[in-house]
Structure formats: C-alpha cells, structure tokens
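Grab a pencil and work through these short exercises with the model open beside you. Each task comes with a step-by-step solution.

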Amino acid sequence: MSPWRISVMEPKAADDTKDVGPHGRIHRDMWPLNEVDPGKARLPCCIVWAPLPIVSWLAPFIGHVGICREDGTILDFSGSNFVNVDDFAFGAVARYIQLDREKGCFPPNLGSHTCKHGYKHSEHGTAITWDDALLLSMHHFQHKSYNLFTCNCYAFVANCLNRISYGGSMGWNIIDVAAMIMFKGRWVDRMSMFRSFFPFVAVVCLGIGMAGSAFLMGLTFFSFLLIGWFLLGTYCVKNLIECD
C-alpha cells in the first residue's frame, strides 16, 4: 500500500447504534432498572394500587392507582390540577405489576415508530423515553379537574399507557388498568392483603348483623351500579371518561 494513501474508516449505519429486541423490534439502549422495593416506595416502571377509604370498604375491587418512573418514583393523579410525585396519596402500596419498557414505542421521529399507529401516536403525544411519556401525561392532568366518575387516577394511568403505546395499543382505558391490577397484580405482603380486605369483611359482617339480607342486596346493587357506570362510560358513551 502506498505510504501516501490515507486509510478511511467505513461509516457505521444508523442502525448500528441500536439493538434488536427479541421480536425483531429495533430500540435504543435502556439502562437496567433497580430492583422493586415496596418498603422504600421504589417500584420502577410499575403500576401500583392501594385501597381507598370508605370506597374500598364497600367495593374492595376499587382503589387508588399510580404509575412509576424508571427510578421507581410514584406519580398519581389525586386531586384537581394536581399530580402527586413520590407521595402516594392513600398510604403504602398494596399491589403492583411491573411493566416491560420494551413493549413501549419511543420514536425519535415519525419513521421510527415500533407500533402500528404512526401518525395517530404522534398526534396524541409521543416520547423518546418512559419518563418523558409520564411527564407529558403529568402536565396534561395538571390542567384537569378530578372526578371519581369521569376523570380519576385510573384515567391518568391509562393516558400514560396510551402515550407509551404500551403493547402496541392506544386503546387503554380505566377498565383495562383495573383488570390488569386485579388479575395480574402482586401483593406486597400479607399485611397488605389484610389492610385491603379486613374493612370490607368487617362492614359486611356488621351490615348483615344489623340489616340481614337487605344489606347484602343493597351492597350487591351498589357494586353492579358502580361497575355498570364505568362500563357504560368506557364502551358506550364516547369521551365520558377522560383517558385522552
């Protein structure tokens, strides 16, 4: 080779800076998450749940939910124009489910969507990281009035999942979030189970002792009425429950 010839390195393709996931999806590097530590309220990329005073005493399947950043900090919509940061509104976490960041879509541009929604996802509000998506939802809900029946903590979590396009879906709603916690959520410990169900059992026993079967009928009617409202608002009346 001539001593005057300068060696030029071949430029790397843009995709060389990315990894290919187990399902053939291209994504940017993600730093490892810390271990889930409910005792210190650090649950990276988790959806978390705690029982609500009075409401959970009558309907234990309903509680307060939040979603966690990558460092485990909990965010929860707990009042009008207010999203809690690192101060879960109704006590310690009782149940949680950790989500997989690789199932989210974090495109740096329109041509890099890993979900099928593309422009719809961009119009809704995309983010390049998990934390960015949660920040966008946080800013959005800081301008919303809290309402247990139409704009609540479940709607906030659903909004976060839609911005992430978690699992390739932008159809997350409060029913999906509630079902995920109910059927896939892990209990923190036995004391958390006791704290969640003991008030309900005590109310049922007291109610039966004072009013007999009439109390059970009333409680059943209340539960069906509550579930019916959220099913109606989610699937039958468009935009009644604000998840967007």
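**Exercise 1. Find which residues make the nonpolar surface patch of about 380 Å².**

Step 1: Leu148, Phe149, Trp229, Leu232 and Val237 make this patch. Patch members have over 30% relative accessible area and no salt bridge; like charges are joined within 9 Å, nonpolar side chains (Val, Leu, Ile, Met, Phe, Trp, Tyr) within 5 Å. Areas come from the Shrake-Rupley method with a 1.4 Å probe, and for residues only the protein chains shown count as cover.

Step 2: Before going on, note that this is a predicted model, where local features need pLDDT of at least 70, side-chain atom pairs count only at pLDDT 80 or more, and totals for chains, interfaces and linings use all residues. Residues are numbered from 1 along each chain as its sequence is written, and side-chain values use heavy atoms, leaving out hydrogens and water.

**Exercise 2. Place Trp229 and look at its helix.**

Step 1: Trp229 sits in helix 7, residues 213-235 (helices are DSSP runs of H or I, at least four residues, and strands are E runs of at least two, numbered from the N terminus).

Step 2: Leu219, Ser223, Leu226, Phe230 and Gly233 of helix 7 are buried (under 20% relative accessible area; exposed is over 50%, partly exposed in between, 1.4 Å probe, protein chains only).

**Exercise 3. Work out what parts the Arg42 and Asp86 salt bridge ties together.**

Step 1: Arg42 and Asp86 pair up at 2.9 Å, N to O (cut-off: a Lys or Arg side-chain nitrogen within 4 Å of an Asp or Glu carboxyl oxygen).

Step 2: Arg42 lies in the loop between strand 2 and strand 3, and Asp86 in the loop between strand 6 and strand 7, so the pair ties together parts 44 residues apart in sequence.
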